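User: I am a first-year student, and I would like a close look at how the helices in one part of this model pack against their neighbours. Please take me through it step by step, in one connected answer.

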Amino acid sequence: MFTPQQTQDGSFTFFSTEFNQAFHSHYGAKQESLLKFAIPTRLPILAETGFVRLLDICYGLGYNTAAALQTIWQVNPRCRVEVIGLEINSIVPQAAISHQLFNSWDDKYIKILTQIAFEHQIHIDYLQATLLIGDARSLILQVHESGFQADAIFLDPFSPPQCPQLWTVEFIQKVSECLHQNGLIATYSCAAAVRTALLAAGLVVSSTPPIGRRTPGTIAGHPKHGEESTISYLSPLSQTEAEHLLTRAAIPYRDPNLSDTAAMILKRRQEEIGVSTLESSSQWRKRWLRSSTPQEILPEQSTVSDD
């Protein structure tokens with residue numbers, strides 16, 4: 001069912017025929033997990049506190065959790081970590097183990113990932129992890145009701161046009177409610193519709209460096225309340241990025257009852273775009289390309305037409 005594909009850093013990923021996308025960029029599955037998720041959410045700094053809570057949305061093969069654990073324990077081997085992973089297809093992490101995709105990792109991590117994949121939980125010294133299987137829209141309600149407050153949230157679904165269910169205003173609002181006041185949400189996407197949803201949830205957004213693609217990722221956190229907030233770590237969006245959020249591309253995906261199909265969510269957004277008087281992203285892009293240097297990187301456009 002799953003065929004391993006090698007990425008540029010030597011690590012392997014899978015290709016999803018359902019979503020017509022690979023689980024990771026060609027740049028490298030392991031490096032993407034480290035540089036898009038573990039480092040931007042300041043896990044090396046959090047490790048020094050001795051206790052870190054992680055919420056891994058779309059656990060997939062397990063790379064993000066594995067990279068997080070490795071990052072934390074390299075700094076503080078005695079740091080206690082609590083992980084909740086959300087995954088719709090339990091076969092994916094099991095296939096990653098069966099295909100021996102983590103054989104280059106230390107045996108400690110292989111054992112942890114194997115137990116998470118097949119038993120959906122592990123409780124050992126310094127680690128308590130649970131993998132919840134099902135639609136993340138239902139599972140996020142369960143996580144919220146449990147009172148779990150994550151120091152770092154990895155938001156890693158397939159791209160918005162392919163999996164709009166997990167990029168909607170309503171879903172991201174629920175995700176934000178599971179984020180600790182000083183926590184951070186990281187995602188690979190810089191789509192204007194995604195950033196609009198994060199802003200609608202009351203979060204502050206910033207860009208992370210491009211990894212394996214021309215465009216940056218996104219990091220988000222709660223507005224600053226007191227000197228201990230991590231929000232000072234986030235740089236403001238550039239003028240280019242800020243103006244992108246004023247175009248039709250920024251019209252978000254909506255799923256009022258957290259139960260609509262992808263087709264319904266896409267159709268709803270397209271209808272909203274159709275009656276919008278906002279500038280099109282193609283017009284915005286042409287305007288900025290005329291005034292920008294060749295090195296300047298523009299945020300990605302939605303692949304769903306907003307013209």
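Analyst: This is a predicted model, and a good place to begin is the pair formed by α7 and helix α8 (residues 192-200), whose axes come within 8 Å and cross at roughly 50 degrees. That angle makes α7 oblique to α8, and in passing α8, helix α7 makes a right-handed crossing. The residues that meet here are V169, I172 and Q173 on the α7 side, and V194, A197, L198 and A200 on the α8 side. Sorted by class, the residues of this contact are six nonpolar, one polar and no charged.

Helix α7 has another partner to consider. The axes of helix α6 (residues 136-145) and helix α7 (residues 169-176) come within 9 Å, and they cross at roughly 30 degrees. Because angles under 35 degrees count as roughly parallel, α6 is described as roughly parallel to α7. The crossing of α6 past α7 is left-handed, whereas that of α7 past α8 is right-handed. In this contact A136, R137, I140 and L141 of α6 meet F171, K174 and V175 of α7, and the residues comprise five nonpolar, no polar and two charged.

It is worth following α6 one step further, into a pocket. Along with β5 (80-87) and β7 (127-133), α6 supplies at least two residues of the lining of the second largest pocket, and the largest share of that lining, four residues, comes from β7. The space in the second largest pocket is about 160 Å³, and of the 13 residues that line it, those closest to its centre are E82, I84, T130, S146 and F148. The lining of this pocket, taken by class, has six nonpolar, five polar and two charged residues.

For comparison, one may also look at another pair of helices. Helix α3 (residues 63-75) and helix α5 (residues 107-119) pack with their axes 11 Å apart, at an angle of about 140 degrees. That angle makes α3 oblique to α5, and the crossing of these two helices is right-handed. From α3, the residues A66, L69, Q70 and W73 meet K108, Y109, I112 and L113 of α5, and by class this contact has six nonpolar, one polar and one charged residues.

To return to the helix with which we began, α7 meets α8 through V169, I172 and Q173, while F171, K174 and V175 of α7 are the residues that meet α6.

How values were computed: Residues numbered from 1 in each chain as written. Predicted model: local features only at pLDDT ≥ 70, side-chain atom pairs only at ≥ 80, totals over all residues. Heavy atoms only, no water. Axes fitted to C-alpha atoms, helices over the stretch in contact; angles between N-to-C directions. Parallel < 35°, antiparallel > 145°, perpendicular 65-115°, else oblique. Left-handed = near helix turned anticlockwise from the far one by under 90°. Contact = heavy atoms within 4.5 Å. Nonpolar A, V, L, I, M, F, W, Y, C, P; charged D, E, K, R; others polar. 1 Å grid on protein atoms, 1.4 Å probe; cavity = no way out; pocket = protein on both sides within 12 Å on 5 of 7 lines; lining within 4 Å. Points joined across faces, edges and corners; volume = space filled by probe spheres on them.
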